[in-house]
Amino acid sequence: MGTNSEKKFYITTPIYYVNDRPHVGHAYATIVADSLARYARMLKKEVVFLAGTDENSQKTVDAALKNKEEIRAYTDRLAGIWKSAWEALGITNTDFIRTTEERHVHTVKEIWRRILEKGDIYKGSYKGLYCAGCEAFVKETDLVNGLCPEHKTKPKYIEEANYFFKLSKYQKDLLRFYELNPDFVVPAGRFNEVKKFVSEGLEDISVSREKKEWGIPVPDDPNHVVYVWFDALINYISAVGIEGWKKHPADIHVVGKDITRFHAVIWPAMLFSAGLPLPKQVIANGFFTVDGVKISKSLGNAIDPLEFDAKYGSDALRYFLLREIPFGEDGDFSLQKFNERYNADLANGLGNLVARTFTLAEKFGSSWKENKIDEEVQAKIDFLKGRIIKAVEQFKFHDALILIWELVAFGNNYLQEKKPWAPNAPDASHIVFSTVVLLDNIAILILPFLPLASQKITESIVWDDTGTLRTKKPGILFPRKDAV
Ligand code: MSP
C-alpha cells in the first residue's frame, strides 16, 4: 500500500449484523482495518475509513421480536452500541454507515436499476435451501450431515418467486481479473479457493426475497425485498456515492474468511454488471476461538472487547489480537494467554524499557545537545526498520510486532549490558541518550498498532528548536497484572 502513490486511501470493515453486541472476533477485523488506516495516515494519505452495521437482515427482525422491541427502535439501539464500541476502542473510522439510512437505500435502488437495465436481473423461482444464520441460499453439497457447517442448524426449504442475478455471465471476466490482479485476495490460499470455485462454473443467484416486511423494496415490485447480501455489499458505494466510487473505489476491504466469496466473487460481478470499478484488494482474516471453542451466542462464550479495554486498555487488546495469530490464520483467545502476553511483552517488555529509560534520563538532567546515537543502536534500528515496514505492507502484522519487540528486547539488554546507572560507567549519558532515541523510533513503529502507548512515549520526548532533546517521565504504560 505504501508503494501506491495515490493520495487517497479508502478502507472498509465488514458491516456487522445488529442481532447481537460486538465480540472479540468482530473487534479483530475492525482493529486490523484501524491499524492500516493509521499506517496510511503516517504515509500522509487522505484516509476514508468506513465501518457500519448491516440492518436489513431477517436476523434483525428475529432479535427485535425476541427482545420485545419495535424493529426500528431496536435497530437504532443496537447500531448505537456498535458505534460506541468502536469509539471506546479508539477506532478512527471517518464514517459509520447503517444500511437503513436513506443514502444507502437510494444507492441500492440505483445499482439495482443499472444491473436490471444491463439485462442481468431476471425473474424466476427458487426452490431450495436457505440458511438463516448465513443469510444465504445453500446447496445440499454445502451441508455436513444435513446441517450448515457454520451454524450447525438445518437450513429451511423454501419455494418462492425470486429475482435472479446473472452471476454465471461473469465467470470469464472474473477469471481474467484475478489473473491480472494476483494480489486481489490475501492470503494467497484463500485466493486459490476463490479461483477454484469460479473456474468450476458459476450459477445465477437469487437476489430478492418474497413477502418480507423488513428490507429494501425491489424497485417497482414492492412484493419483494432486495436479498440482504446484495444490499449489504453496496454499502461500500453508498458511503462515498456512485461518483465518489468511480473516482476512487475501495483500496482494501477487510473481511472475515467466511465472507470472502461474497466479496471476491459476487461483489466484483455486481460491479462489472453496473459498469463500476472494482476494489483493489480483499484481505481476509481468520477466526478466533475462545479457549479452543467457536464463539457462539448459545454457548455464552462471546468475549466482550470492552471488558478487556476496561481492564487492560485498548492497546493491549490490539496487541494481543494482532500478535497472537498470523493474519489470515485461525487462532485462540484465552484469558490466560492474554494475561501472560500482557505481562511478558507489554508490562515487562516495552513498559519496563520506557520506565527504566526515562528514570535514567532524569538522572542525567533530561536534556541532551547531542545528535548522534551509539552506532550499535543505530545499526539495530536500521537493520529492523525496513523489515518491519515490509511486514506491514504484506499484512504480516504479527511479524511486524515480533520485529518491533526485537528492538524492545535489544533496548532492555543494551541497558543491562552497559549499566549506565553504575558509578563511573563509561559514556553513561550517551548510552541513555541513545536509548531515548531508540524509544522514539519504537514509538513511531508501534503507532498503527498501539496508538496510545506510542503517543505517551512521543509526548515524553521533545526535540526543541535548538536541536536539544528533552525528556519528561510518562506514567506507567502497562501496570503488571496478577496471573489468572
Ligand atoms: N453482515 C455481514 C457482513 C456484510 S459486509 C458487506 C456479516 N456480519 S457478521 O456480523 O456476521 O460478521 C462480521 C464479520 O465478523 C465477518 O467478517 C466475520 O468473519 C467476522 N467474525 C465473526 N466471528 C469471528 C471470529 N470468531 N473471529 C474472527 N472474525 C469473526 O457477516
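**Figure 1. Lys8 and strand β1 in a predicted model.** Lys8 stands opposite Glu46 in β3. The model shown here and in the other views is predicted. Strands β1 and β3 pair in the parallel sense, with five bridges between them. Strand β1 covers residues 8–12. Four of its five residues are buried, so the strand is mostly covered. β1 also pairs with strand β13 (residues 252–256). That pairing is parallel too and has two bridges. Here Ile11 stands opposite Ile252 in β13. Strands of a sheet pair through backbone hydrogen bonds, either parallel or antiparallel.

**Figure 2. Thr53 in strand β3.** Thr53 lies in strand β3, which spans residues 46–54. Its relative accessible area is 0%, so Thr53 is buried; the cut-off for buried is under 20%. The Thr53 side chain makes a polar contact with the side chain of Glu55, at 2.8 Å. Beyond residues up to four places away in sequence, Thr53 touches Ile15, Tyr16 and Val18. Other residues that Thr53 touches include Ala79 and Trp82. A further run of contacts takes in Phe96, Ile97, Arg98 and Thr99.

**Figure 3. Helix α2, from its cap to the residue after its end.** Helix α2 spans residues 58–66. Ser57 caps the N-terminal end of α2. A side-chain oxygen of Ser57 lies 2.9 Å from the backbone nitrogen of Lys59. Lys59 is itself one of the buried residues of α2. The others are Thr60, Val61, Ala63 and Ala64. Among the elements that cover these buried residues are β2 (16–17), β3 and α3. Just after the helix, Lys68 takes a positive phi of about 55 degrees. An α-helix has 3.6 residues a turn, so residues three or four places apart point the same way.

**Figure 4. Helix α2 against helix α3.** Helix α3 spans residues 71–88. The axes of α2 and α3 come within 9 Å. They cross at roughly 100 degrees. Angles of 65 to 115 degrees count as roughly perpendicular, and α2 and α3 are therefore roughly perpendicular to each other. From α2, the contact uses Thr60, Val61, Ala63 and Ala64. From α3, it uses Ile71, Tyr74 and Thr75. By class, the contact of α2 with α3 has five nonpolar and two polar residues, and no charged ones. Thr60, Val61, Ala63 and Ala64 are also among the buried residues of α2.

**Figure 5. Helix α5 against helix α10.** Helix α5 (residues 171–180) packs on helix α10 (residues 260–274) at an angle of about 110 degrees. Their axes are 10 Å apart. That angle makes α5 roughly perpendicular to α10. Asp173, Leu174, Phe177 and Tyr178 form the α5 side of the contact. They meet Ala264, Val265, Pro268, Ala269 and Phe272 in α10. Eight residues of this contact are nonpolar, none is polar and one is charged.

**Figure 6. Phe395 in the loop between α14 and α15.** Phe395 sits in the loop that links α14 (375–393) to α15 (397–418). Is this loop residue buried or exposed? Phe395 counts as buried, at 6% relative accessibility. Outside its neighbours within four places in sequence, Phe395 is in contact with Leu36, Val186 and Ile252. Gln281, Ile283 and Phe327 are also contacts of Phe395. Ile252 is the β13 residue that Ile11 stands opposite. Phe395 and Pro268 are 127 residues apart in sequence. Their C-alpha atoms are 22 Å apart in space.

**Figure 7. An open sheet of four strands.** The strand order is β6-β5-β7-β9, with antiparallel pairing. β6 (136–138) and β9 (205–206) stand at the edges. Each has a single partner strand, so one side of each is left without a neighbour in the sheet. Strand β5 (residues 121–131) and strand β7 (residues 156–165) are joined by ten bridges. These two strands run antiparallel. One bridge pairs Gly124 with Asn162 in β7. In a regular strand the side chains alternate between the two faces of the sheet.

**Figure 8. An open sheet of three strands.** Its order is β16-β15-β17, and the pairing is mixed. The edge strands are β16 (293–294) and β17 (331–333). With a single partner strand each, they have one side left without a neighbour in the sheet. Strand β15 (residues 288–290) pairs with β17 in the parallel sense, over three bridges. The bridge partner of Val290 in β17 is Phe333.

Definitions and conventions:
Residues are numbered from 1 along each chain as its sequence is written. This is a predicted model: local features need pLDDT of at least 70, side-chain atom pairs count only at pLDDT 80 or more; totals for chains, interfaces and linings use all residues. Side-chain values use heavy atoms; hydrogens and water are left out. Buried means under 20% relative accessible area, exposed over 50%, partly exposed in between (1.4 Å probe, protein chains only). A polar contact is a pair of N or O atoms within 3.5 Å; within protein, one must be able to donate a hydrogen and the other to accept it, and residues adjacent in sequence count only if both atoms are side-chain atoms. Contact means heavy atoms within 4.5 Å. Two strands pair if DSSP finds at least two bridges between them. Axes are lines fitted to C-alpha atoms, for helices over the stretch in contact, and angles run from 0 to 180 degrees between N-to-C directions. Angles under 35 degrees count as roughly parallel, over 145 as roughly antiparallel, 65 to 115 as roughly perpendicular and the rest as oblique. Ala, Val, Leu, Ile, Met, Phe, Trp, Tyr, Cys and Pro count as nonpolar, Asp, Glu, Lys and Arg as charged, and the others, Gly among them, as polar.
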